[in-house]
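Work through these exercises with the model open beside you. Each task is followed by a solution in steps.

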Amino acid sequence: MELLDIKELDITGKKVFIRCDFNVPMDEFSNITDDRRIRSALTTINYCLDQDCSVILASHLGRPKGEYNEKYSLKPVARRLHTLLHREIIMADDVIGEDAKTKAQKLKNGEILLLENLRFEAGETKNDENFAKELASLAEFYINDAFGVSHRAHASVEGITKYFDDNHKAAGFLLEKEINFFGKLVNNPVRPFVAIVGGSKVSGKLEALINLLPKVDKILIGGGMAFTFLKQLGYNIGASLVEDDLLGEAQHIMDRAKELGVKFYLPVDIVVAEKFAEDAVSKIVPAQEIPDNWMGLDIGPATTRLYREALTDAQTVLWNGPMGVYEMERFARGSSKLANVVADSYATTVVGGGDTADLVQRVGVDDEMTFISTGGGASLELLEGKILPGVKPLMKQV
Ligand code: AMP
């Protein structure tokens, strides 16, 4: 798949709209706790500034419900951009309102305008045509560098592309890097290829699991999603997270793994707690012995050892989703031990998903991973072999 290349566009001195993914985690004081996504966008922004462009940046942040909400303002992002770029960032008070339009119109070469959170407008997630048109009217060129949302047909990702011909739109450097990396991973993985899949729900990753099965040699399951599989196997799972409506699907995945000769691993011991809290009473039990009313919040030490064994011969490791409730220190041990195992391996290691990226950073092994993707959902959809709605309009016609 070849993408429209930003370097082939004649953008010198022009007004460029860059869709970025500045959806960064923040603490309760609106301090950005991980700015990887902002730093990842700098290559494209700097390239445009070097071409003497006037640059309009747009992103979403969190899930405001289609209206202004100070909590989700991009102002903290503007401050971080200023720190990283050492340039003034002009902040618009709205997205396509008077303020944004006036500031976009007056924007001079070398200046940067950041629009307010795209999701302050209901039209963004609805892929509304008028909203997309209004956004498009702000600039002469469109660049998508927001890999993390390219699996969503939203106005700033998909709808907007209709208003630019192939000489006026392209993929940014980050988008291109992610797409090329996952392309190689799917089509040509060095084997054994091991997928570690965790996180809270089976539902979010069901299709990815089914589509990953023919591509991988082993799957290691952890996190809340393990309990739907364990329940289907007839284990008592106490008060652990479960998706009862997906028990049949869980069976289907296990059957399919068997048919394909994929080694399918589930936790053999669990850290269980009396309640979902940092100060809860907790203990380690075999997966067969989860007490009634207790909930499984992490994988146990035997599982970590088992997974370490399973990973010893891996040549490619893909990890999406934590092994437990890693946000609480007490239930983070399984995830952090596994992070160290993955970091120490000689395999090509790929981490996808905001939570997993956050986790490896907390553990301090982020620099030891081969590739940390800025998009969890998007990377899974790529691995499923899908063409992402935000990427399709940026493919070269052959
Ligand atoms: P996801 O967004 O599906 O990747 O899920 C990530 C979330 O799963 C994290 O916030 C974890 O706290 C949560 N999680 C992991 N393991 C469990 C578990 N055993 N029970 C409940 N939540 C979990």
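**Exercise 1. Find which side-chain atom of K205 faces the ligand, and how far away the ligand atom is.**

Step 1. Go to K205: an N or O atom in its side chain is 2.9 Å from an oxygen atom of the ligand. This is a polar contact (a pair of N or O atoms within 3.5 Å; within protein, one must be able to donate a hydrogen and the other to accept it, and residues adjacent in sequence count only if both atoms are side-chain atoms).

Step 2. Turn to E327, where a polar side-chain atom lies 2.4 Å from a ligand oxygen. At G296 the partner is a polar backbone atom, 3.0 Å from a nitrogen atom of the ligand.

Step 3. Take the cover. On its own the ligand has 500 Å² of accessible area, and the protein covers 79% of that. Areas come from the Shrake-Rupley method with a 1.4 Å probe; for residues, only the protein chains shown count as cover.

A note on the model: it is predicted, local features need pLDDT of at least 70, side-chain atom pairs count only at pLDDT 80 or more, and totals for chains, interfaces and linings use all residues. Residues are numbered from 1 along each chain as its sequence is written, and side-chain values use heavy atoms, with hydrogens and water left out.

**Exercise 2. Explain why C48 and C53 form no disulfide.**

Step 1. Recall the cut-off: a disulfide is a pair of cysteine sulfur atoms within 2.5 Å.

Step 2. Compare the pair. The closest cysteine sulfur to that of C48 is in C53, 4.9 Å away, so it is too far for a bond.

Step 3. Check burial (under 20% relative accessible area). C48 is buried at 0%. C53 is buried at 0% too.

Step 4. Widen the search: the whole structure has zero disulfides.

**Exercise 3. Identify the buried residues of helix α3 and what they pack against.**

Step 1. Locate α3 at residues 75-85. Helices (H or I, at least four residues) and strands (E, at least two) are DSSP runs, numbered from the N terminus.

Step 2. Pick out its buried residues: P76, V77, A78, L81 and L85.

Step 3. List their partners: α1 (36-40), α2 (42-50), β2 (54-58), β3 (89-91) and β4 (112-114). Contact means heavy atoms within 4.5 Å.

Step 4. Look just past the helix. H86 follows α3, and its phi is positive, near 55°.

Conventions: Buried means under 20% relative accessible area, exposed over 50%, partly exposed in between (1.4 Å probe, protein chains only).
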